[in-house]
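Please read the following walk through the structure with the coordinates open beside it, so that each contact can be located as it comes up. The path runs from a polar cluster to the nonpolar cores, then to charged pairs and backbone geometry.

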Amino acid sequence: MPRAVLLFVLASFLIFNLGCGGDLEVVAADIDPSSVNLIGIGATQQIRVLAKYSDGRQPEDVTLKSTFQIEPPAAAPFAPTEAITINASGLIMAMDGACTWTKGGTEEDPTYGTNPYKLIATYENHQAVAFISIASIVNCEFPDPANASKVKIVRDTAN
């Protein structure tokens with residue numbers, strides 16, 4: 001009789017554990033970092049696509065399993081389509097001259113704005129969005145990191 005009880009317990013354990021994984025699903029995807037600033041032709045930034053699961057576990061890096069699309073801004077000082085690329089491992093690179101930055105305000109109190117490229121990553125029908133600003137042409141004025149509080153992000157909401 002003890003052997004039958006042991007087999008019952010083991011069989012119940014296996015059935016329970018095999019059924020548990022069926023409810024796990026991806027509920028969202030994020031891009032880290034969600035905002036990138038490339039300075040100069042050849043500048044790079046590595047991003048990661050992170051999948052969030054229904055059971056609340058730590059997000060999983062799914063960058064290599066994701067697809068990417070880059071959309072140029074509708075209105076920027078100079079933002080050609082081919083200025084930025086991203087490879088399958090999530091490495092973004094400034095390939096050509098572009099400028100998404102504008103400078104306003106006064107010389108003593110400058111303000112900066114950017115109408116960035118939009119990066120869309122897709123993993124299992126979930127999309128995540130990040131924004132890429134670029135300054136890789138002469139006279140493209142971009143903020144010094146010390147002036148980060150004076151940066152205004154302008155995003156084209158039509159897209």
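The side chains of Thr 114 and Thr 100 are joined by a polar contact of 2.9 Å, where a polar contact is a pair of N or O atoms within 3.5 Å, one of which, within protein, must be able to donate a hydrogen and the other to accept it, residues adjacent in sequence counting only if both atoms are side-chain atoms. The side chain of Thr 114 also makes a polar contact with the side chain of Ser 133, at 2.8 Å. Thr 114 belongs to strand S10, residues 110-114; strands (E, at least two residues) and helices (H or I, at least four) are DSSP runs numbered from the N terminus. With a relative accessible area of 1%, Thr 114 is buried, on a scale where buried means under 20%, exposed over 50% and partly exposed in between, computed with a 1.4 Å probe on protein chains only.

The model is predicted, and local features need pLDDT of at least 70, side-chain atom pairs count only at pLDDT 80 or more, while totals for chains, interfaces and linings use all residues. Residues are numbered from 1 along each chain as its sequence is written, and side-chain values use heavy atoms, with hydrogens and water left out.

Another buried residue with a polar partner is Trp 101, which has 5% relative accessibility and is placed in strand S9. A polar contact of 3.1 Å joins its side chain to that of Asn 37, and the C-alpha atoms of Trp 101 and Ile 134, although 33 residues apart along the chain, are separated by 7.3 Å.

In soluble globular proteins, nonpolar side chains tend to be buried together. The largest nonpolar core here has 26 residues, and those with the most contacts inside it are Leu 38, Ile 47, Ile 92, Tyr 117, Leu 119 and Ile 132; such a core is a set of buried Ala, Val, Leu, Ile, Met, Phe, Trp, Tyr and Cys residues joined through side-chain atoms within 4.5 Å. Several strands each supply at least two residues of this core, among them S1 (26-32), S2 (35-39), S4 (48-53) and S11 (117-123). A second, separate core of five residues includes Trp 101, Tyr 112, Ala 135 and Cys 140. To follow Leu 119 outward, and leaving aside residues up to four places away in sequence, one finds that it touches residues including Ile 31, Ile 47, Phe 68, Ile 86, Ala 128 and Ile 132, contact meaning heavy atoms within 4.5 Å.

Which residues are joined into one network by salt bridges that share partners? The first link is between Lys 103 and Glu 107, whose closest N and O atoms are 3.6 Å apart, a salt bridge being a side-chain nitrogen of Lys or Arg within 4 Å of a carboxyl oxygen of Asp or Glu. Lys 103 is partly exposed at 33%, whereas Glu 107, at 64%, counts as exposed. Lys 103 also meets Glu 141 in a salt bridge, at 3.1 Å from N to O. Glu 141 lies in the loop between strand S12 (126-135) and strand S13 (151-153), and Lys 103 in strand S9 (101-105), so the pair ties together parts that are 38 residues apart in sequence. Shared partners thus place Lys 103, Glu 107 and Glu 141 in one network.

A search of the whole structure finds six salt bridges, including one between Lys 65 and Glu 60 at 3.9 Å; Lys 65 is exposed at 55%, and Glu 60 is partly exposed at 30%. Elsewhere, Arg 57 lies over the face of Tyr 53, at 5.3 Å from the ring centre, under a rule that asks for NZ of Lys or CZ of Arg within 6 Å of that centre and within 35 degrees of the ring normal.

Most residues other than glycine have a negative phi, and most peptide bonds are trans. Against that background, a cis peptide bond joins Asp 32 and Pro 33, with omega about -5 degrees, and Pro 33 lies in the loop between S1 and S2. Asn 125, in the loop between S11 and S12, has a positive phi of about 65 degrees and is exposed at 78%. Asn 139, in the loop between S12 and S13, has a phi near 70 degrees and is exposed, with a relative accessible area of 73%.
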